[in-house]
Every structure is written in structure tokens, then in C-alpha cells.
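This report describes the fold of one protein chain, its sheets, its cores and a few single residues. The sequence and the structure are shown first.

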Amino acid sequence: MASILSQPGFCIRIHQRSCFNTLRFFSSKPSASHSNPHRHFSHRLIRKAFAFDVSRSFSQSHTDAPTLRHFIAQASLAASQPLPEVLSSDAQVSELVSKGRIYHETYGCQMNINDMEIVLSIMKNAGYSETVEVPENAEIIFVNTCAIRDNAEQKVWQRLNYFWFLKRCWKSNVDSGRSQSLHPPKVVVLGCMAERLKDKILDADKMVDVVCGPDAYRDLPRLLEEVDYGQKGINTLLSLEETYADISPVRISKNAVTAFVSVMRGCNNMCSFCIVPFTRGRERSRPVESIVKEVGELWKEGVKEVTLLGQNVNSYNDASGSEKEVEPGSNWALSEGFKSMCKVKNMGLRFADLLDRLSTEFPDMRFRYTSPHPKDFPDELLYLMRGRYNICKCIHLPAQTGSTTVLERMRRGYSREAYLELVQKVSVVRQRRSMQTH
């Protein structure tokens with residue numbers, strides 16, 4: 001039968017009568033048997049014998065055997081059904097991989113390091129889970145910037161020039177083996193410099209694709225999608241509430257025994273020389289419970305020392321459970337001889353309350369904090385630090401200047417004499433303790 005089916009020009013017709021099936025063969029070519037009647041007669045006998053054998057074999061099968069229509073119907077049904085779950089999972093994995101690998105650089109203070117860990121957590125939840133050690137292999141480049149120090153800002157511009165080269169010459173870099181990214185990298189500028197120089201950065205000869213301020217990190221996945229449609233991604237809106245309290249940071253230093261934990265963000269002091277209130281926004285503090293939870297997770301990971309972070313860390317004020325408004329100096333205790341340059345709207349748990357809770361619940365973990373403001377060292381905080389062995393015996397006490405006149409022009413809220421009295425009190429209350437200043 002195989003030899004017959006392999007001949008060109010033959011087709012098969014199936015006749016179904018009752019339970020019998022027969023096969024008939026037709027040729028599209030004219031038969032040459034007319035010149036040889038004996039050969040034509042022998043071919044006809046062979047076809048009849050073959051048809052009889054096939055018919056007899058089909059008749060011996062069950063009467064309810066599946067027909068050709070049955071197989072066609074089954075094939076149509078299978079084509080209409082969705083793909084198996086395994087294929088769906090593979091598609092999801094490929095989609096996550098295609099979103100790109102991340103390379104990140106951080107400049108500036110410890111707060112920026114913690115912010116980058118928050119960004120990595122947000123991106124991981126959005127499917128960007130892979131990081132690389134060099135920018136040449138990344139599809140997304142994050143640069144977390146600082147607007148306080150000019151040296152850091154100049155370094156950022158130098159790096160942006162190099163990242164622009166990676167974008168502009170991506171194809172030649174891939175051909176030469178210098179770059180291994182799957183497409184030209186998207187360059188994202190984060191942090192204080194993004195907040196201060198957003199227009200200049202975006203207009204800098206297409207160096208940057210996304211500019212994102214410190215309060216808009218949750219919006220990063222959407223901003224990156226806008227770049228795919230040929231648009232610039234920008235969000236530098238400051239928030240009065242954003243603390244990222246519900247986000248568990250992805251630690252950059254794996255298996256480290258120290259870690260940073262942000263407890264508050266922003267600044268209300270409005271010193272005449274400082275840009276922080278304009279790049280970080282107003283003060284807002286995380287709830288105590290969220291901080292305790294994060295420190296507990298760090299303890300389980302083997303961390304032995306935690307540094308509490310904030311622009312004015314000892315101005316911490318968890319007012320999430322308080323609705324009472326207070327005036328500065330009434331119930332809000334300040335360092336003696338100091339005054340606040342802004343109104344405290346709602347008074348809640350102070351920094352001393354937070355340190356008390358953490359040092360009690362985690363007696364085998366050491367705690368540091370930075371950066372404080374001299375006005376927020378009430379006696380309660382000083383005596384707590386003296387009584388708890390797991391609170392590091394070091395105070396960072398910014399001096400700024402030794403002139404009362406200059407301090408007034410800087411809107412620092414204290415005089416030279418008040419600062420020296422605070423230094424003396426710290427020395428008396430906390431004997432043999434170290435102090436730092438700048």
C-alpha cells in the first residue's frame with residue numbers, strides 16, 4: 001500500500017456503506033494500459049483484490065470505531081483549548097527576564113543607600129529581580145544622587161556621560177564584546193539631584209530616560225514603561241505622607257552584620273543655607289510597629305548592629321495614633337536653650353520612645369543613629385542612652401559655626417552659648433562618652 005500511495009497523482013476516496021468501508025484510487029495521469037490489454041486486466045484484478053482485503057479488514061473492526069470526522073472534531077477541540085499551565089509559567093518567566101537587569105550606583109549619605117534598597121525592593125516586586133555588577137551588562141541603570149555636596153554632583157555628571165556612551169554606541173559595543181545588554185540601557189536618575197535639577201537633566205542631550213524624586217519611587221515601573229513608548233518618565237512630586245513603611249528593603253550588602261533602617265524622612269527646620277527641605281520634603285515618621293518589624297527581620301538574618309536614619313533622626317514623631325495639636329515648647333521638650341523654627345502639628349511617640357522600645361525588645365542588638373539636630377536632645381533621651389548598654393555611646397552633634405550672629409542668620413534656632421551648655425550636659429550625663437561634630 002505504501003508503494004501505491006507514494007505514486008504521484010493518486011488520491012483516496014472513502015465510501016462508507018453500513019459498516020463496510022472501501023478505498024478507491026484515482027490517477028490524474030492517463031493510464032498506459034490501453035496499449036496492453038493484458039496488463040490493464042491484471043492491474044484491475046490487483047485493485048479489486050486490494051479493495052476486498054481493505055474492506056474485509058475494516059469490516060472486522062467494531063461498528064462504533066472512531067471515524068475521520070471524530071478525529072477532525074477532536075483536533076478542533078484541542079486547538080480551541082488554552083495552553084497548558086506549564087507553558088503559561090514559562091511565558092511569565094520569559095516576560096520577567098525580558099524586563100531587564102539592573103545596575104545601580106549610589107552617591108551621598110547613608111539615607112541614599114537605604115533608599116536604593118527600597119528601590120530594588122519595588123523593582124523586584126515589579127519583575128526586575130536580577131542585578132549585575134557592571135553597567136555594560138544592564139538594561140536599566142539607576143544613579144541615586146546627592147545635591148548637598150558639589151563633588152558628588154560632579155561625579156554623577158561624569159558617570160552620566162559614560163552611560164550616554166553606552167546608550168549611543170550600544171550596537172558597536174555589543175559587536176565588540178564590550179557590552180552584553182539585550183538593548184540600549186535606560187538611564188534613571190534618582191534622589192536629591194533629580195529633585196533639584198530635573199529639567200536640566202532631562203534636557204542634557206538625551207542622557208537620561210527617567211527622573212524620579214525621593215518620594216516617587218513607587219512610580220518607577222510605570223515611568224520605565226513610558227520610555228518604551230518613546231516618552232520621558234518624570235515624577236518629582238514631594239509627599240507629606242510617604243515613608244515606604246510597608247516595603248521591606250532588599251539589602252545590598254548580603255550577609256552583613258550591620259544595616260541601615262530609615263525611621264523618618266524630610267526636614268522642617270528650613271535653615272537658610274540648606275536645600276534638604278526642598279529636595280526631601282517635610283518631616284514624616286514611620287510608625288513604631290513597622291520599624292520594630294523590620295529590625296526583627298534583620299535580627300533573624302543575623303544583623304547585630306542597626307543604624308537608625310533620618311534627615312533629623314531625633315526629631316522622630318510617630319503621630320499616627322494622635323490627633324492632639326501642640327505648640328512648640330509646651331509639651332514638645334527641646335534641648336535647654338534651643339527653639340524650634342516650625343510648629344509641631346501633632347505630637348506622638350518621640351525618638352526616646354522608639355529607642356526605648358527597640359533596645360528593650362532586642363537586647364543583644366546594638367543601635368546607632370544619624371543625623372541628629374542639637375535642638376532635639378531633651379534630658380529624657382540623654383538619660384535613656386546612659387542607661388541602655390546596647391545603645392552606642394557616641395553622639396553626633398553638628399556645630400555649624402561658633403558665632404551666635406552667624407547662627408541666627410543660618411536660622412539654626414540656638415546660640416553659641418546654648419550649644420556649649422548642651423555639650424557640657426552631654427559630658428556630665430554620659431560620662432566617658434564620645435562626641436562628633438562637623
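Two strands are taken as paired if DSSP finds at least two bridges between them. In this predicted model, L309 stands opposite T370 of strand β14. L309 belongs to a pairing in which five bridges join strand β11 (residues 305-309) to β14, and the two strands run parallel.

**Overall make-up**

The chain contains 16 helices and 16 strands. Of its 438 residues, 43% count as buried. Among contacts in the chain with a separation of 6 or more, 70% are between residues 24 or more positions apart.

**The sheet around β11**

Strands β8, β11 and β14 form an open sheet in the order β8-β11-β14, with parallel pairing. Its edge strands are β8 (258-262) and β14 (366-370), each of which pairs on one side only. From one strand to the next, the twist averages 25°. Helix α12 (residues 288-300) lies across β8, β11 and β14, and α12 runs at about 165° to β8.

**The β3-β4 pair**

Strand β3 (residues 102-106) and strand β4 (residues 140-145) also run parallel, joined by five bridges. Within this pair, Y103 stands opposite I141 in β4. Between the two strands the chain passes through helix α5 (residues 110-125), and this β-α-β crossover is left-handed.

**Nonpolar cores**

Which residues have the most contacts inside the largest nonpolar core? They are L308, F351, L354, L355, L358 and Y369, in a core of 40 residues. At least two residues of this core come from each of β8, α12, β11, α13 (351-361), β14, α14 (379-387) and α16. A second, separate core has 24 residues, including I141, V143, V156 and V187. I141 is thus a member of the second core as well as the residue opposite Y103.

Y369, from the largest core, touches T307, L308, V313, F351, L355, F377, M385 and I395, with residues up to four places away in sequence not counted.

**Three single residues**

The table gives the position and relative accessibility of three residues.

| Residue | Element | Relative accessibility | Class |
|---|---|---|---|
| E305 | strand β11 | 16% | buried |
| N317 | strand β12 (residues 317-318) | 15% | buried |
| S427 | helix α16 (residues 416-429) | 35% | partly exposed |

Why does E305 count as buried? Its relative accessibility is 16%, and buried means under 20%. Apart from neighbours within four places in sequence, E305 is in contact with V257, T258, A259, M365, R366, R368 and C392. Of these, T258 and R366 lie in the edge strands β8 (258-262) and β14 (366-370).

N317 counts as buried because its relative accessibility is 15%. Its contacts, again leaving aside neighbours within four places in sequence, are S285, W332, V344, N346, M347, G348 and L349.

S427 is partly exposed because its relative accessible area is 35%, a value between the limits of 20% for buried and 50% for exposed. A polar atom of the S427 side chain lies 3.0 Å from the backbone oxygen of V423. The helix that holds S427 is α16, and α16 also supplies at least two residues to the largest core.

Notes:
Residues are numbered from 1 along each chain as its sequence is written. This is a predicted model: local features need pLDDT of at least 70, side-chain atom pairs count only at pLDDT 80 or more; totals for chains, interfaces and linings use all residues. Side-chain values use heavy atoms; hydrogens and water are left out. Helices (H or I, at least four residues) and strands (E, at least two) are DSSP runs, numbered from the N terminus. Axes are lines fitted to C-alpha atoms, for helices over the stretch in contact, and angles run from 0 to 180 degrees between N-to-C directions. Contact means heavy atoms within 4.5 Å. A crossover is right-handed if, with the strands pointing away from the viewer, the path from the first strand over the helix to the second runs clockwise. Buried means under 20% relative accessible area, exposed over 50%, partly exposed in between (1.4 Å probe, protein chains only). A polar contact is a pair of N or O atoms within 3.5 Å; within protein, one must be able to donate a hydrogen and the other to accept it, and residues adjacent in sequence count only if both atoms are side-chain atoms. A nonpolar core is a set of buried Ala, Val, Leu, Ile, Met, Phe, Trp, Tyr and Cys residues joined through side-chain atoms within 4.5 Å.
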